[in-house]
Amino acid sequence: MEASEMEGRSFMQAISEKYSPENFPCRRGPGMGVVVVPSGPQGSPMKDRLNLPSVLVLNGSGISHAGEEGEIAAFCAHVVELDLSHNKLQDWYEIRKIVSNIPNLAFLNLSSNQLNDAVLDPGCAKALSGIRRFVLNNTQVSWDTVHTFTREMPELEELFLCLNEYTTVTPAAVPCPTLRLLHITDNSLHEWNEVRKFGSMFPALDTLVMANNNLSSIHDSGEILQRLFPNLRSINLHNSGLKQWEDIEKLNFLPKLEEVRLQGIPLLQAYTSMERRSLIIAQLPSVTNLNGSVVTDGEREDAERFFIRYHLDYSEEELPHRYHCLVTKYGKLAPLAEIDLRPRCHAKVEVRYEDKVEQVNIRLDQTVADLKKQLKPVVQLPTSKMRLYYIDKGTAFGPDELKYSALALHSYSIEDGDEILVVPKKK
């Protein structure tokens, strides 16, 4: 046994310990797994019975090598997903021995295994040929290794290469025509000249997740972008280094783009959250989902109208191209009128008592009791002898008695020109 194998456990040891009847009781029901009786030789260290689900999670199990391949084949034929993250695997040959004996495997997670120095030959890579979703986060695998397995994986659809310290991208001699999702966050791909290589490497790419790469700008022309990423539907540029609206405008040249994530970029720091969302929606007419939220037709129209008004004071030279497109659609919009929504403080009313009428300015923040005190010298009645009625000149409804002494006058929506009728209380 090699020294590396002595340092950790075998794949089969980890399975035996985690999924033994004592630790993982037998469960019944569709999709819950199967119970397998091992067919290994007499004296095998395997438990008599194991309950193995079709999704095996063996992360952080200290696995450094495969163990007995016959036992893997006997116990894992039904397994479709395998999580081997945070183990001690450093050799593609050992990984091949595990995977080649799991014929239905479609998902493999090898994150946080030290594979930066491991050499992957095409023979080992062929063992991965049935995998559709492959996770290699924080493994520091080289681009040569990536290209080796993508050539041998004709069904690969999703690839995760986060936290691998990439600063450049080595182009592939042979493209991978099946890959639809590339998740490559938390690397150091600052230059668009590196990112653009994904277009020729993965021509069917539908989703590109590039958060936390500090991408500085998008240099290509619209014609080249259209040719590089003809199928890209979703892009995530969270926490990139984009500083110019021209970079946002260039996303319009991606012919199938519908979903964009653009939070935490320097360009948007000076705007309010409402301005950020509105300006981006207006700049990207084909986008139907922004930062995880659906863009409704009503929100789009409001955003586009806001965009026009936002640029009203810009000079002709400063106006973005999108402004002229939207003016063609909506016309030149006038600024929104500033409406003071604060409650009015005063009103000029007619106070009527018997046959006398007098114009009086009243404060609307005072109470009915305060108004009676104000009117005492006008009508020459003590406040205890007054009954007040409010008459709204704008309606046909009759007088409304001001019964409640503690109620503020603005509750009655009194306006200039309305009438206060004073009637003496009967003894």
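**Cores, cavities and one helix**

User: Which residues have the most contacts inside the largest nonpolar core, and how many residues does this core have?

Analyst: The largest nonpolar core has 94 residues, and Phe 11, Trp 92, Phe 134 and Phe 198 have the most contacts inside it. The name fits because a nonpolar core is a set of buried Ala, Val, Leu, Ile, Met, Phe, Trp, Tyr and Cys residues joined through side-chain atoms within 4.5 Å. Buried means under 20% relative accessible area, exposed over 50% and partly exposed in between, with a 1.4 Å probe and protein chains only. Do keep in mind that this is a predicted model: local features need pLDDT of at least 70 and side-chain atom pairs 80 or more, while totals for chains, interfaces and linings use all residues. Residues are numbered from 1 along each chain as its sequence is written, and side-chain values use heavy atoms, with hydrogens and water left out.

User: What does Phe 198 touch?

Analyst: Leaving out residues up to four places away in sequence, Phe 198 touches Trp 143, Val 169, Leu 182, Ile 184, Leu 189, Leu 208 and Phe 229; contact means heavy atoms within 4.5 Å. There is also a second, separate core of 21 residues, including Val 351, Tyr 353, Leu 375 and Leu 381.

User: How many cavities of 30 Å³ or more are there, and what is the volume of the largest?

Analyst: The count is 2, and the largest has a volume of about 50 Å³. On a 1 Å grid over the protein atoms alone, a cavity is a set of points where a 1.4 Å probe fits but cannot get out; a pocket is an open set with protein on both sides within 12 Å along at least five of seven lines, and lining residues have an atom within 4 Å of a point. Points are joined across faces, edges and corners, and a volume is the space filled by probe spheres set on them.

User: What makes up the lining of the largest cavity, by class?

Analyst: It has 9 nonpolar, no polar and 1 charged residues. Among the lining residues are Trp 192, Leu 208, Phe 229 and Lys 250. Lys counts as charged, along with Asp, Glu and Arg; Ala, Val, Leu, Ile, Met, Phe, Trp, Tyr, Cys and Pro are nonpolar, and the others, Gly among them, polar.

User: Which element gives the most to the lining of the second largest cavity?

Analyst: Strand E17 does, with 3 residues. Strand E16 (346-353), E17 (356-363) and helix H14 (368-379) each supply at least two. Helices (H or I, at least four residues) and strands (E, at least two) are DSSP runs, numbered from the N terminus. This cavity has a volume of about 40 Å³, and its lining divides into 5 nonpolar, no polar and 2 charged residues.

User: Which residues of helix H13 are buried, and how do you know on which side of H13 they lie?

Analyst: In H13 (residues 321-330), Arg 322, Tyr 323, Leu 326, Val 327 and Tyr 330 are buried. They cover an arc of only 140° around the axis, which puts them on the same side of H13; the arc is that of the directions from the helix axis to the C-beta atoms. The face turned away from the buried side carries the exposed His 321 and Thr 328. The cover over the buried residues includes helix H11 (273-283) and helix H12 (297-310).
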